[in-house]
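Hi everyone, thanks for coming along. I'd like to walk you through a model I've been looking at, so let's put it up on the screen.

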Amino acid sequence: MEWDSKQYLLFERERTRPCLDLVHRLDLSSPGRIVDLGCGTGTSTAALRQRWPDAAITGVDRSASMLRVARRSDRSVEWTRADIARWEPREPFDLVFSNAALQWLPDHPKLLPRLWRAVGPSGALAFQVPAPGPARERWHRAVEEVRRGERGDRPVRAEEISENVLSSAEYYRLLGPRARAVDLWDTEYHHVLPNAQAVVEWTRATGLRPVLAALRTAKERERFLAAYSARVSRAYRPQPDGRVLFPFRRRFVIAYRE
Ligand SMILES: C[S@@+](CC[C@H](N)C(=O)[O-])C[C@H]1O[C@@H](n2cnc3c(N)ncnc32)[C@H](O)[C@@H]1O
């Protein structure tokens, strides 16, 4: 299912926050060549450009509609349509960066050593992915409940809502032996959204996509969304001012090469 750039940009400010936190934590003075893997509409690329105005930056994404928006945002970036799973750069980069994209790729024990090979001397691999946690489970549970109601007791298959993310310890074991230093942390954000429907819209743009794609007809999708919205409204209760808090845990990893 193709990405919807308009839907994705609905919560741009909230989605950009973890990206900025990662960009500003990086202990690199002036990386000459940077790649942004899964650059999407170019929001993460803009954060990189702002911190390192003189770097040669490449943005890689496999979605034509996301890249169309990205291309309009910055002409100095080399925008490339490619699948990260098959991406093989000709030259190494000083920074291989990815914000909120690697969770869509399977088999991180194979993927990360491959991405690490694209990091040049004194460079870094840095990425951020959504992390499992009680907060995310709330909307996952809403999905599960609708599924159960609709088709008996079928549980949500892990890969349908992208459970590719490993624990920090697993990332450490993968990258620690190769790196000079590794920096790992999780942060739980509490995004203030106008109402519970905003949680529906947020998840529709990202994690819910594979779930919706698995439904065959527009009518099925409509029915699913109505039942899902009702459950999300019960799971994210309004604050006294009517807004809802949408907790979202993110996992951050930076590995520095010798
Ligand atoms: C949640 S968006 C993040 C976009 C951007 N990094 C940001 O921070 O706004 C995830 C992006 O990853 C891209 N993506 C997912 N799987 C990919 C793959 N295998 N190869 C290339 N891009 C991929 C999607 O097309 C989408 O644009």
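Let me start with one pair of residues: Pro-130 has Arg-250, in β7, as its bridge partner. Before we go on, please keep in mind that this is a predicted model.

So what joins β5 to β7 around that pair? There are seven bridges between β5 and β7, and the two strands run antiparallel. As a general reminder, the strands of a sheet pair through backbone hydrogen bonds, either parallel or antiparallel.

β5 has a partner on another side of the story too, namely β4. Strand β4, residues 93-99, pairs with strand β5, residues 119-130, in the parallel sense, and six bridges hold that pairing. If you want a spot to click on, take Leu-95, which stands opposite Ala-124 in β5.

Back to β7 for a moment. It also pairs with β6, in the antiparallel sense, over 13 bridges. Here the residues to look for are His-191 and, opposite it in β7, Phe-246.

Now let's zoom out to the whole sheet. In which order do the seven strands come? Reading across, the order is β3-β2-β1-β4-β5-β7-β6, in an open sheet with mixed pairing. The edges are β3, at 78-81, and β6, at 181-193, each of which pairs on one side only. On average, neighbouring strands in this sheet are turned by 15° against each other, ignoring direction.

One helix to notice against the sheet is α7, residues 168-175. It lies across β6 and β7, the latter being residues 244-256, and runs at about 150° to β6.

On to the helix pairs. The first one I'd like to show is α2 with α3. These pack at an angle of about 40°, with 10 Å between their axes, and α2 and α3 are therefore oblique to each other. The crossing of α2 past α3 is right-handed. On the α2 side, the contact uses Glu-12, Thr-16, Cys-19, Leu-20 and Val-23, and these meet Thr-43, Ser-44, Ala-47, Leu-48 and Arg-51 in α3. By class, that contact has five nonpolar, three polar and two charged residues.

The other pair is α8, residues 196-205, and α10, residues 218-235. Their packing angle is about 125°, and their axes are 8 Å apart. That makes α8 and α10 oblique to each other too, and their crossing is right-handed. From α8 we have Ala-196, Gln-197, Val-199 and Val-200, which meet Tyr-228, Ser-229, Val-232 and Ser-233 of α10. Sorted by class, the α8 and α10 contact has five nonpolar residues, three polar and no charged.

Last stop, and perhaps the one you bench folks were waiting for: the ligand. Which residues come nearest to the ligand? Out of 21 residues around it, the nearest are Gly-38, Gly-40, Ser-44, Ser-63 and Ala-101. You may recognise Ser-44, since we just met it in the α3 contact with α2. Those helices turn up here again: α2, residues 12-25, and α3, residues 43-51, each supply at least two residues of the shell around the ligand. As for its make-up, the shell has ten nonpolar, seven polar and four charged residues.

That's my tour. Happy to rotate the view for anyone who'd like another look!

Key:
Residues numbered from 1 in each chain as written. Predicted model: local features only at pLDDT ≥ 70, side-chain atom pairs only at ≥ 80, totals over all residues. Near = placed C-beta within 6 Å. Helix = DSSP H or I, 4+ residues; strand = E, 2+ residues; numbered from the N terminus. Nonpolar A, V, L, I, M, F, W, Y, C, P; charged D, E, K, R; others polar. Axes fitted to C-alpha atoms, helices over the stretch in contact; angles between N-to-C directions. Parallel < 35°, antiparallel > 145°, perpendicular 65-115°, else oblique. Left-handed = near helix turned anticlockwise from the far one by under 90°. Contact = placed C-beta atoms within 7 Å. Pairing = 2+ DSSP bridges.
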